[in-house]
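Trainee: I am new to this structure. Please take one helix and walk me through it closely.

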Amino acid sequence: MTAPPAASLAERFGERAQVTESFGESTVDVAAGDWIELLTFLRDDLGYEFFDWLTGVDDPPEGFSVVAHVYNPVERSRLLARTWVPRAEPHLDSAVGVYRGANWHERETFEMFGVIFDGHPYLVPLLLPDGFEGYPLRKDFILAARVAKAWPGAKEPGESGHGSPSRRKTLPPGVPADWGTPG
């Protein structure tokens, strides 16, 4: 696999695009305003015509990264395109006009993280039940079900009747400390 032509990206975007490599993966970071221009340039000029996936990454407390993985079948190279949106105004232009396959991924990212893709043709919930409140993949989402109902089949030491000592009870992951200790 070959790395993306950093010179072409630098020529087109200058300081607006940062190219990094980590663990053999190349990543291009741009501001949200350059998102569609970057994706279009990657597809039309650099041959990254295969869209693989798009998702969000919660980066509290500031905002979210939005990452798209694209592939150049001729060069057999892959690339991560990444941008960032603030938590207070999580808006980003939709990539559906560039890669039609982004449709489902943007809907999922909207539903799970709350990132709004402006210009998306049908930005409605995709996976969660009607009336679901909140964004379950945000790090500040409270996993209340872990408090309301015990984990099925889980037994703490000392509860099996074999006389082993009990340990201190702790809250399940994702439950705020001010909810108190489990009873």
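Mentor: What follows is a close look at helix H3, then a short look at one strand beside it.

First, the ground rules. This is a predicted model, where local features need pLDDT of at least 70, side-chain atom pairs count only at pLDDT 80 or more, and totals for chains, interfaces and linings use all residues. Residues are numbered from 1 along each chain as its sequence is written, and side-chain values use heavy atoms, leaving out hydrogens and water.

H3 covers residues 102-113. Helices here are DSSP runs of H or I with at least four residues, strands are runs of E with at least two, and both are numbered from the N terminus. The expected span is 1.5 Å times one less than the number of residues. For the 12 residues of H3 that gives 16 Å, and the end C-alpha atoms are 16 Å apart, which agrees.

H3 is mostly covered, with nine of its 12 residues buried (under 20% relative accessible area with a 1.4 Å probe, protein chains only; exposed is over 50%, partly exposed in between). Among them are His 105, Arg 107, Phe 110 and Phe 113. The buried residues pack against strands E3 (50-59), E4 (63-72) and E7 (116-118). Contact means heavy atoms within 4.5 Å. Just after H3, Gly 114 takes a positive phi of about 85°.

Now take E4. His 69 sits in this strand. His 69 counts as buried because its relative accessibility is 9%. Leaving out residues up to four places away in sequence, His 69 touches Glu 25, Trp 53 and Arg 78, among others.
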